[in-house]
Amino acid sequence: MFNKQSVSLEWAGRTLTIETGQVARQADGAVMVTYGDTVLLATAVYAKEAKPGQDFFPLTVNYQEKYFASGRIPGGYFKREGRPTEKETLTSRLIDRPIRPLFVSGFKNEVQVVLTALSYDLENDPDILGMVGASAALVLSGAPFMGPVGAARVGYKDGAYLINPTVEELAESELDLVVAGTADAVMMVESEAKELSEDIMLGAVVAGHEAMQPVIDAIIELAEKAAKAPFDFEPVDNSAAVAAIQKIVGKDVSKAYKITNKLERQAAVGEARDKAKAALVGTEEAPGEMSAETFKSAFKETEAAVVRGDILKTGERIDGRKLDQVRPIVAEAGFLPRTHGSALFTRGETQAVCVATLGTSDDEQYIDSLDGTRKENFLLHYNFPPYSVGETGRMGGAGRREIGHGKLAWRALRAVLPKHEEFPYTIRLVSEITESNGSSSMATVCGCSLAMMDAGVPVSRPVSGIAMGLILEGTDFAVLSDILGDEDHLGDMDFKVAGTEQGVTSLQMDIKVAGITKEIMEKALQQANGGRMHILGEMAKALSESRGELSENAPQMEIIKVPTDKIRDVIGSGGKVIRGIVDESGAKVNIEDDGTVQVSALDRASIDKALKMIKEIVAEPEVGEIYQGTVVSLKDFGAFVNFFGPKDGLVHVSQMANKRIGHPKDLVKEGDKVWVKLMGFDDRGKVRLSMKVVDQETGKELVEEAADGGEEE
């Protein structure tokens, strides 16, 4: 019934198996990828013809995690997987980026790749399997895909690279780097690092590229057994159309791309486009020799050819800058008056308003995943409104772009955060992009670094980021520092590097061609280092280190530890005691299972009052000490006195006065304040108190008049 085919190999100490022919047989390509006990299903389906008028490549990658994969039921009220989680969105982007450039130019048919994590062993993350599976499914499908692509994760510990480290190993690693590529070149890099040098980062990319080669060979071996016939697709040749456009407006386009201002440049390019369109496409009444669809595609190619050619020939860019020159930077800290920390970061025509807000453990985010539920106390949210590029658009929730850019900045900044034990605040950063013309994600890194320092967060060092570009024609190439939006769209690479003066904290690379070489990457990293140092210098003009004290608008906080056997006393029955502390002091009080108590408020007096109340509850009375207490009940044999927080003790009738009394009510009544001395504890651990050895007016001990106590009943 099944025509099952499979390949297996030993990869980084575990067996990787890729098989096809048993599951999802109606998809154009489908594979099951197994690594350890992690299993992922990858499918690829493509339309056999493009939609009329389609002018872009409609590729969709959907990575999804099923909670049953790790034996879990989704949390919350709805026990069904809902909208994509942040992890699923980021992994979908991760898989999309290396495969998108490898489809044959001009292919506009809709393609959908679906990756489903079916089993998770809590050791091997399914994301790498998703990249391998997507590549294999596309190769088997017969789609015009110039793969296969391989992928690997690289860690770094004790001076050695770790290939495909487990989740546990990754927690102790100084690096988490994912690299994807073909047999000849690297296509994509995504990483988070703890201030590592450019040489170590480059070495990790090379190590990962070498490690993925057996996987690429395995996919080819499987394709030889089970691949479908190649789809009959002939790419459109626009060379004649491009030549016709260049003949009419080539000089106009070149002149337009020398205009520094973005909006003025776009207007000039628009005029050239209209001029060529009138000559070649014509109108409905007088149609020209070229269709509107062909013209649109050919004009984009014309723009790219003009801009790329000018850069390679002259070494000057769209806005007149040299290849390694960064646009003018203006940084301002303390930009907003009532926020905990804020900054305005402007680089050329890219601008970010960044805000830091400090909260307590109540503000931590609960994250439900295949690994379980965890709490996150560092959040970064990136917003990209349409007005930032002078356009109208729909305003809604965060899309894939916002989530991806925010996570990149999050990774870049996490390495410099203080330990949570030393700075127990929840930190939320928000980046509002108010202008955009090239790398708003790196502006977010710079602005959020300043905002945290303005808020008094004791970061170890400032972090800056820069986006690098590439123009590659044959063996000629030019690496561009601090790329514009147009240089990103018309270039071959978007290479983002963030870090401190000590080293790299994050690196992300996307390639639009069939990969780049080690030589180009090395050049880009070196040039990026110079750019990052320059940007750090400009940032230092606004703020070079943390202010050292929190904003007066931020909550104050103090943490103490109480014995775990006292937690119940602090909380009280049904939370009665802790609610009373909160109501009376005005402070927030959170207590963890390990006895960590976090007390926070906007004023110090509230914190001090709450701490005093908590310490009174958990403190132990000392034998021989004198305390003032309240009579809480009377018995025939004595009085019970509340003398130390919630603690009560018995004053035996013989210990109430230096004379014989008939009944305790002859001396005291409930609610009376009395002075008592803690005499000790009996064999059952019950408290023994004495009133008669203490002057009831002054609270001082009456040593000379003290008498031997009677026996308690």
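## Local geometry, burial and charge pairing in a predicted model

At 41% relative accessibility, K225 falls in the partly exposed class, because that class spans the values between the buried limit of under 20% and the exposed limit of over 50%. The model is a predicted one. The salt-bridge partner of K225 is E221, with the closest N and O atoms 3.9 Å apart. E221 counts as partly exposed too, at 40% relative accessibility. Both K225 and E221 belong to helix α5, which covers residues 213-226, and they are four residues apart, about one turn of the helix.

Side chains of opposite charge can pair when their charged atoms come close. In total the structure holds 40 salt bridges. Three of them are listed here.

| Salt bridge | Closest N to O distance |
|---|---|
| K225 and E221 | 3.9 Å |
| D494 and K496 | 2.5 Å |
| D672 and K669 | 3.3 Å |

Is the pair of D494 and K496 buried or exposed? D494 is buried, with a relative accessible area of 11%, and K496 is buried as well, at 4%. Both values lie under 20%, so both residues meet the limit for burial. For the bridge between D672 and K669, the lysine K669 counts as exposed, since its relative accessibility is 54% and the class begins over 50%. Salt bridges with shared partners also link D319, R321, R327, R347 and D482 into one network.

Charge without pairing appears elsewhere on the surface. D37, E123, E168 and E169 form a patch of negative charge there. Patch members are residues that have over 30% relative accessible area and take part in no salt bridge. One of the four, E123, sits in the loop that joins β6 (111-119) to α2 (126-141). With 42% relative accessibility, E123 is classed as partly exposed.

Backbone geometry gives a further set of points. Most residues other than glycine have a negative phi, and most peptide bonds are trans. Which peptide bond is cis? The bond from G147 to P148 is cis, and its omega is near 5°. P148 lies in the loop between α2 and β7, the latter covering residues 150-157.

A24 has a positive phi, near 55°, although it is not a glycine. The loop between β2 (14-20) and β3 (29-35) contains A24. Its relative accessibility is 30%, so A24 counts as partly exposed. E195 likewise has a positive phi near 55° and is a residue other than glycine. E195 is part of strand β10, residues 186-196. E195 counts as buried because its relative accessible area is 17%, under the limit of 20%.

Another buried position is S440, in helix α10, which runs over residues 440-454. Its relative accessible area is 3%, so S440 is classed as buried. Which residues does S440 contact once its neighbours within four places in sequence are left aside? They are T350, Y382, F384, R401, H405 and I433.

Notes: Residues are numbered from 1 along each chain as its sequence is written. This is a predicted model: local features need pLDDT of at least 70, side-chain atom pairs count only at pLDDT 80 or more; totals for chains, interfaces and linings use all residues. Side-chain values use heavy atoms; hydrogens and water are left out. Patches are made of residues with over 30% relative accessible area and no salt bridge: like charges are joined within 9 Å, nonpolar side chains (Val, Leu, Ile, Met, Phe, Trp, Tyr) within 5 Å. Accessible areas come from the Shrake-Rupley method with a 1.4 Å probe; for residues, only the protein chains shown count as cover. A salt bridge is a side-chain nitrogen of Lys or Arg within 4 Å of a carboxyl oxygen of Asp or Glu. Lys and Arg count as positive and Asp and Glu as negative; His and the chain ends are not counted. The place of a charge is taken as NZ of Lys, CZ of Arg, CG of Asp or CD of Glu. Helices (H or I, at least four residues) and strands (E, at least two) are DSSP runs, numbered from the N terminus. Buried means under 20% relative accessible area, exposed over 50%, partly exposed in between (1.4 Å probe, protein chains only). Contact means heavy atoms within 4.5 Å.
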